[in-house]
Amino acid sequence: MSTASVSFRPGAVLADLLPASRVRDIALVVGGAALTGLAAQIAVPVPGSPVPVTGQTFAALLVGTAFGARRSFLSLALYALAGMAGVPWFAGGTSGAGGASFGYVLGMLLAATVAGALARRGADRSVLRTAGTMALGSALIYAVGVPYLALSTGMSFGAAVAAALTPFLIGDALKAALAMGLLPAAWKLAGRK
């Protein structure tokens with residue numbers, strides 16, 4: 001029995017393991033947007049915060065690392081534009097650009113793109129690098145979402161941090177831990193084919 005492993009070209013992301021075609025890329029972009037929208041429906045209200053805990057940030061960061069920067073940017077842009085146009089797939093079935101948590105959607109667009117660029121450099125292939133990618137992605141989401149929330153609600157920046165960042169840190173750590181297991185394992189499985 002052979003134990004040969006597959007060698008991957010430098011700069012590959014998990015989506016590149018699928019046969020290349022325009023249809024593949026379109027399906028990935030639409031599928032990434034749909035996955036993010038579906039994950040946003042897992043929404044748990046946080047007392048004292050206008051922002052719920054959702055699976056949306058986890059999905060956006062997974063799309064980023066699995067698809068690469070270009071496809072993840074297009075996926076999250078489609079997600080944002082469709083939600084702005086009225087598709088009820090933002091957190092808890094909402095839509096539109098005027099909500100207090102829309103800044104998080106914009107932050108996810110940035111975070112997925114950066115995570116995708118890092119994944120092209122191998123940041124999703126080990127536990128520690130995946131942890132760093134997820135931490136940076138989460139920080140980018142907050143860097144856009146928290147100030148947007150403060151501006152849209154009239155909260156002070158400190159109040160916005162207390163209401164819409166601090167309560168989510170443990171959940172983000174759990175999401176990062178899940179990604180730290182999933183992504184490197186997916187690469188190991190792919191290497192065994």
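Let's start with a charged pair: Arg 24 and Asp 25 bring their side chains together in a salt bridge, 3.0 Å from N to O. Keep in mind that this is a predicted model. Arg 24 counts as buried because its relative accessibility is 12%, under the 20% cut-off. Asp 25 counts as buried too, at 16% relative accessibility.

Asp 25 has another partner, since its side chain also meets that of Arg 70 in a salt bridge, at 3.6 Å from N to O. Here the two ends sit in separate helices: Asp 25 is in α1 and Arg 70 is in α3, so the bridge ties together parts that lie 45 residues apart in sequence. Arg 70 is exposed, because its relative accessible area is 52%, and the cut-off for exposed is over 50%.

Then there is Arg 71, which forms a salt bridge with Asp 16, with the closest N and O atoms 2.7 Å apart. This pair links distant parts of the chain as well: Arg 71 belongs to helix α3, Asp 16 to the segment before α1, and 55 residues separate them. Both Arg 71 and Asp 16 are buried.

Here are those three bridges side by side.

| Salt bridge | N to O distance |
|---|---|
| Arg 24 and Asp 25 | 3.0 Å |
| Asp 25 and Arg 70 | 3.6 Å |
| Arg 71 and Asp 16 | 2.7 Å |

The structure holds six salt bridges. Which residues do shared partners join into one network? They are Asp 16, Arg 24, Asp 25, Arg 70, Arg 71 and Arg 120.

Now for the rings. A search of the whole structure turns up five aromatic pairs. One of them is Tyr 79 with Trp 89, a tilted pair with 5.4 Å between the centres and 45 degrees between the planes. Tyr 79 sits in helix α3 (residues 69-84) and Trp 89 in the loop between α3 and α4 (102-119), so to speak of the pair is to speak of a link between distant parts of the chain, 10 residues apart. Tyr 79 counts as buried because its relative accessibility is 0%, and Trp 89 counts as buried at 16%. Ring pairs gather Tyr 79, Trp 89, Phe 90, Phe 102 and Tyr 148 into a cluster.

Another ring has a charge for company: the charged end of Arg 125 sits over the ring of Trp 187, 3.7 Å from the ring centre.

Tyr 79 comes up again in the largest nonpolar core, which has 47 residues. The members that touch the most others are Leu 76, Tyr 79, Tyr 104, Val 105, Met 108 and Leu 149. At least two core residues come from each of α1, α2 (56-67), α3, α4, α5 (127-153), α6 (157-164) and α7 (169-191). Which helix gives the largest share of this core? That is α4, with nine residues.

Finally, the outside. Ile 26, Val 30 and Leu 78 make a nonpolar surface patch of about 250 Å². Ile 26 lies in helix α1 (residues 22-39) and counts as exposed because its relative accessibility is 53%. Its neighbour in sequence numbering, Asp 25, is in that helix too, but Asp 25 counts as buried.

Key
Residues are numbered from 1 along each chain as its sequence is written. This is a predicted model: local features need pLDDT of at least 70, side-chain atom pairs count only at pLDDT 80 or more; totals for chains, interfaces and linings use all residues. Side-chain values use heavy atoms; hydrogens and water are left out. Rings of Phe, Tyr and Trp (its six-membered ring) pair if their centres lie within 6.5 Å; planes under 30 degrees apart count as stacked, over 60 as edge-to-face and the rest as tilted. Helices (H or I, at least four residues) and strands (E, at least two) are DSSP runs, numbered from the N terminus. Buried means under 20% relative accessible area, exposed over 50%, partly exposed in between (1.4 Å probe, protein chains only). A charge sits over a ring if NZ of Lys or CZ of Arg is within 6 Å of the ring centre and within 35 degrees of the ring normal. Patches are made of residues with over 30% relative accessible area and no salt bridge: like charges are joined within 9 Å, nonpolar side chains (Val, Leu, Ile, Met, Phe, Trp, Tyr) within 5 Å. Accessible areas come from the Shrake-Rupley method with a 1.4 Å probe; for residues, only the protein chains shown count as cover. A salt bridge is a side-chain nitrogen of Lys or Arg within 4 Å of a carboxyl oxygen of Asp or Glu. A nonpolar core is a set of buried Ala, Val, Leu, Ile, Met, Phe, Trp, Tyr and Cys residues joined through side-chain atoms within 4.5 Å.
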